[in-house]
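Colleague: I would like to learn how to read a few features of a model. Could we take them one by one?

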Amino acid sequence: MATKSLKARHNGLAEKNEQLKILNGGVFEEGELPYFKDKIALTGHYPLRPKKLEIFQINLGYMCNQVCEHCHVDAGPDRKEIMTRETMQYCLEVIRNTGAHTLDLTGGAPEMNPDFRWFVEEAAKAGIQDFIVRSNLTIIRANKKYHDLPEFFKKHNVHVVSSMPHYTRGKTDKQRGDGVFDKSIKALQELNAVGYGLPDSELKLDLVYNPSGAFLPGDQVAMEKDFKKALKEDFDIQFHHLFAITNLPISRFLDYLIATDNYEDYMYALVEAYNPSAVENVMCTNTISVSWDGWLYDCDFNQMLELKVDSKIKHIKDYNEDILNDRDIIISQHCYGCTAGAGSSCQGTVA
Amino acid sequence: MAKSYYDPADLRKFGKITEWSEELGTKFFDYYGKVFEEGALSAREKSLIALAVAHVVKCPYCIDAYTKDGLQKGITKEEMMEAVHAGAAIESGATLVHGVQMMNKYDKLSM
């Protein structure tokens, strides 16, 4: 299990161009598999264009208390990129005026940003319909100063979305680090204790499942049933929905695929599972992603590949929703991850 | 021609059998797909049965496919290994139950 980010290890894949070179080369360059662009052109989806903006997703920084094997952000304790209060001010201005109904805060561990609480308090005042914080759970137990996070989330009616790769200890710890499972269970119990995730509760608690290896997620509904049964029976934990998210072949997951000689098979699996009806609803068509330093992207994955939006509006300080919505979405072969099977987005399946 | 009888990359080409007999190939894959749908048995249960049978018929392609399928369905390694044992028990039982035939024959031929 790695304890440092690719960046801190000076791994070649920390360079975005190296990743893009791999995604554009190999089996795609040799014509064994079709480029994503050509695949979506077959059903008239190229160029991919945004629909109505629904989700405004802000990455508060790449710092995290965990170093997960599959992390597409290459997050970790050694990452110092953190959103400043000044950039947050620009974001707040946009949140007050956006047509989006969902505000989605992510990271790293967004709670580690020193201005996190201030930002949540200010953003909550904007009265956005669905206010999501993506929490890795263990942060709640990581340090005394985070122990009251369940109460804080409750106070601001935050919708908590948490990662939980499996309901067994072995699989969870292998992907996310030793001890992560026990801490996550404890954190979930604490969220339940303040009312999160209970059947009729308005305090929404959803879990995110990522496969812990080089395979695609199974049926989201069936997985949700298994997770609910196991977590209830073993730990008396309840939650609302499970989002099954496909691991995209970028950053640390790409490094893992290459190191274990699984890259080609994985790309074949993604392309074989291509589902044209998932293309209709891929998240880049209703989401804008903002990086810690205020740049705008079609999605969090493009953010990590440093592929900024193809628009004259590229930064949050110049934000203009109408101009921004009139753009072509930037795609590459990693996009097959969002169109495989039932599709994948930060809100789970899409088809 | 490949130098070995089994090549993992051939599994990806399974669908190509339809090219040389479209009607039968299509019928087979329709049937195959239908079998593994959720029914009186869950897709999860069927995946474990398929894994056990894959071992009994010693099909390396099927073992690869249904190990991956099990992972995708969240099946644990303990469950997978128990399924393999269920297959192995039936297979060895099938051998051993013939021991009764041997005993019968032995008794019949002996004074």
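Colleague: Is K58(B) buried or exposed?

Modeller: The model is predicted, and the test is a count of neighbours: 12 or fewer other C-beta atoms within 10 Å make a residue exposed, 20 or more make it buried. K58(B) has 9 such atoms, so it is exposed. The residue sits in the loop between α3 (43–56) and α4 (60–72) of chain B. Its phi is near 50°, a positive value in a residue other than glycine.

Colleague: What is the phi of L137(A), and in which loop is L137(A) found?

Modeller: Phi of L137(A) is near 75°, again positive in a residue other than glycine. The loop runs between β3 (130–135) and α6 (138–142) of chain A. With 26 other C-beta atoms within 10 Å, L137(A) counts as buried.

Colleague: Next, the peptide bonds. Which residue is joined to Y46(A) by a cis peptide bond?

Modeller: For a cis bond, look at omega. Y46(A) is joined in this way to P47(A), with omega about -5°. P47(A) belongs to the loop between α3 (36–41) and β1 of chain A. A cis bond also leads from G107(A) to G108(A), where omega is near 20°. G108(A) is in the loop between β2 (102–106) and α5 (116–125) of chain A.

Colleague: What is the strand order in the open sheet of chain A?

Modeller: Read a sheet from edge to edge. The eight strands run β6-β5-β4-β3-β2-β1-β7-β8, with mixed pairing. At the edges stand β6 (242–244) and β8 (296–297) of chain A; each has a single partner strand, so one side of each lacks a neighbour in the sheet.

Colleague: In which sense do β1 and β7 of chain A pair?

Modeller: β1 (residues 55–59) and β7 (residues 287–290) of chain A are parallel, with four bridges between them. F56(A) has I288(A) in β7(A) as its bridge partner.

Colleague: Now the interior. Which residues have the most contacts inside the largest nonpolar core?

Modeller: In soluble globular proteins, nonpolar side chains tend to be buried together. Here the largest core has 104 residues, and F56(A), V160(A) and Y209(A) have the most contacts inside it. Helix α9 (residues 180–193) of chain A supplies the largest share, six residues. Leaving aside residues up to four places away in sequence, V160(A) touches V133(A), S135(A), F153(A), L191(A), Y196(A), K204(A) and L205(A). A second, separate core has seven residues, including L48(B), A52(B), Y66(B) and I75(B).

Colleague: How many residues of α5(B) are buried?

Modeller: One of its 33 residues is buried, and the helix is hardly covered. To judge the length of a helix, compare its reach with the expected span. Helix α5 (residues 77–109) of chain B reaches 48 Å from its first C-alpha to its last, close to the 48 Å expected at 1.5 Å a residue.

Colleague: What feature does UniProt place at residues 23–101 of chain B?

Modeller: An unreviewed UniProt entry lists "domain: Carboxymuconolactone decarboxylase-like" there. In the model, residues 23–101 of chain B are 82% helix and 0% strand, and the end C-alpha atoms lie 43 Å apart.

Colleague: Last, the interface. How many residues of chain A are in contact with chain B?

Modeller: The size of an interface is often given as the accessible area lost when the parts come together. Counted by contacts, twelve residues of chain A meet nine of chain B. Helix α10 (residues 220–235) of chain A gives the most to the chain A side, with three residues. By class, that side has seven nonpolar, four polar and one charged residues.

Key
Residues numbered from 1 in each chain as written. Chains lettered and ligands numbered in written order. Predicted model: local features only at pLDDT ≥ 70, side-chain atom pairs only at ≥ 80, totals over all residues. Contact = placed C-beta atoms within 7 Å. Helix = DSSP H or I, 4+ residues; strand = E, 2+ residues; numbered from the N terminus. Nonpolar A, V, L, I, M, F, W, Y, C, P; charged D, E, K, R; others polar. Pairing = 2+ DSSP bridges. Core = buried A, V, L, I, M, F, W, Y, C linked by C-beta atoms within 7 Å. UniProt positions renumbered as here; feature names shortened; annotations may be inferred. Expected span 1.5 Å × (residues − 1).
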